[in-house]
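Please look through the structure below with an eye to its aromatic residues and to the place where its chains meet. The paragraphs that follow take up these topics in turn.

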Amino acid sequence: MVIHPILKSGLLLLIFTAFSVFFVTFTQERTKVQIKHNENQLLIKRLGELVSGYDNDILKDKFFRQTTLHGVRQKIGIYPAKKNNQVFAYLIEHTYPNGYNGNIRLLTGVGIDKKLLGVRVITHKETPGLGDKVELRKSDWIKQFSGLSLLNPNKNNWKVRSDGGVFDAFTGATITPRAIVTATYQILHKPCLLKPEDKVCLEYDNAPQ
Amino acid sequence: MEDYLKIAKNGLWDNNQALVALLGLCPLLAVTNNIVNAIGLGLATTFVLIASNTTVSIFRHHISKEVRIPIFVLLIAAFVTIVELLMQSYFYDLYLILGIFVPLIVTNCAILGRAEAFASKNSWDKSALDGLMMGLGFSLVLIILGAMRELVGGGTLFAQSSLLLGTLGESLSISVVDDYQGTLLAILPPGAFIGLGLIVAVKNFIDLKKP
């Protein structure tokens, strides 16, 4: 029997596609659990840098809010840290759109006493060697936010030094620190985010209490 | 035997994919900020090269000429996806750093190039060896470039090797120059071009001196 060359080519492609799909699917099935586990471990580690002593399943209790923050409509993710079923802090995952190179994803921890637990950069595209000092592994700069609140320092000082505030900028990179300071201030300043009981204002209406 | 030696020499030196063919520059230039990244991407690329070369070679008599390129691409993409998944599950921290450059191994022309130029014409053992040697040659350039940029750029060597080796790696990290302020140029993309240019120049210089 003579198979038409085009049919033969088609069959070949089909066989190799099936072959490839099988092996990729097989690997995916075998690694799925481990990958999910790795992702969760990383998240828990990151959250743990900002808050400790919670006894709830913080990843499971995460909820989302659609809100306008930093001038853009965005979906923010909120992890409530609870002890004895009492929320004592919120870890807020949000995007600040005006970094030197676009979006900066931030994780900001705020206690219910409205004091900052700390700030971490999740992802960014800032300049390597200059703006990336906002990463914890490059510099301790980002650590200075813990304990601060709207009143400490006062409103006029919530800026980088070159704008008349109290926060240091990096040599050669002012925009990135300015972005983080502004984003952090806005989180504190959005009263909705700090008043979980104020359901109308906060759009937290579905928040598990 | 001579054949095998020739294959090895070809991959490591004479036809080095990064220095002679200048293939795979996108990942080469992008991830060589330090040695650890370079080793990680080098290993991943080598694995894909061996796997794709061997597979292509085994099926070389069955793959018709008309559809060989799509089939090669398909196989390479499948292997890269598998490597990516494995890395994500066993070397997650490294995966986070290499990020987009793992899937981009697919676009490394060196891999398709070897499948087409070598594996589709030679026996599977020679093709596997060719994959290994081409991969090692490529990795070697990655590592040298990574070391140069890390040393000039930040004054360290093997920083963050714990990403690859776990706790064992932490003792490996060397701070060569203490209190070094760093040279930004070496870490930024231009530093990669300059560094690669220097390595190519040194290789050509050595080749020219030989009779």
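**Aromatic rings and the chain interface**

One aromatic cluster is formed by A:Phe16, A:Phe19, A:Phe22, A:Phe23, A:Phe26 and B:Phe59. The model in which this cluster appears is a predicted one, and over all its chains the structure holds 13 aromatic pairs. In the pair made by A:Phe19 and A:Phe23, the ring centres are 5.1 Å apart and the planes stand at 70°, so the pair is classed as edge-to-face, given that an angle over 60 degrees is what that class requires. Both residues belong to helix H1 of chain A, which covers residues 5–50, and because they are four residues apart there, about one helical turn separates A:Phe19 from A:Phe23. As for solvent, A:Phe19 has a relative accessibility of 30% and therefore counts as partly exposed, while A:Phe23, with 35%, also counts as partly exposed.

Another aromatic pair, that of A:Trp158 and A:Tyr185, is tilted, with 5.6 Å from centre to centre and 45° between the planes. A:Trp158 is located in the loop that runs between strand E5 (116–123) and helix H2 (175–189) of chain A, whereas A:Tyr185 is part of helix H2 of chain A, so the pair ties together parts that are 27 residues apart in sequence. Both A:Trp158 and A:Tyr185 are buried.

A further aromatic residue, A:Tyr54, is found in the loop between H1 and strand E1 (63–69) of chain A. Which residues does A:Tyr54 touch, if those up to four places away in sequence are not counted? They are A:Ile44, A:Ala81, A:Lys82 and A:Phe88. The C-alpha atom of A:Tyr54 is also separated by 8.9 Å from that of A:Val87, although these two residues are 33 residues apart along the chain.

The cluster described at the outset includes B:Phe59 along with residues of chain A, which leads on to the interface of the two chains. Here 23 residues of chain A are in contact with 24 residues of chain B, and between them the chains bury about 2,000 Å², of which 78% is on carbon and sulfur atoms. Sorted by class, the side of chain A that touches chain B comprises 10 nonpolar, 10 polar and three charged residues. How many salt bridges does the rule find across the interface of chain A and chain B? The count is zero, whereas two residue pairs, with both residues at pLDDT 80 or more, are in polar contact between chain A and chain B.

How values were computed
Residues are numbered from 1 along each chain as its sequence is written. Chains are lettered from A and ligands numbered from 1 in the order in which they are written. This is a predicted model: local features need pLDDT of at least 70, side-chain atom pairs count only at pLDDT 80 or more; totals for chains, interfaces and linings use all residues. Side-chain values use heavy atoms; hydrogens and water are left out. Contact means heavy atoms within 4.5 Å. Buried area is the accessible area (1.4 Å probe) that two parts lose on being put together, summed over both. A salt bridge is a side-chain nitrogen of Lys or Arg within 4 Å of a carboxyl oxygen of Asp or Glu. A polar contact is a pair of N or O atoms within 3.5 Å; within protein, one must be able to donate a hydrogen and the other to accept it, and residues adjacent in sequence count only if both atoms are side-chain atoms. Ala, Val, Leu, Ile, Met, Phe, Trp, Tyr, Cys and Pro count as nonpolar, Asp, Glu, Lys and Arg as charged, and the others, Gly among them, as polar. Rings of Phe, Tyr and Trp (its six-membered ring) pair if their centres lie within 6.5 Å; planes under 30 degrees apart count as stacked, over 60 as edge-to-face and the rest as tilted. Helices (H or I, at least four residues) and strands (E, at least two) are DSSP runs, numbered from the N terminus. Buried means under 20% relative accessible area, exposed over 50%, partly exposed in between (1.4 Å probe, protein chains only).
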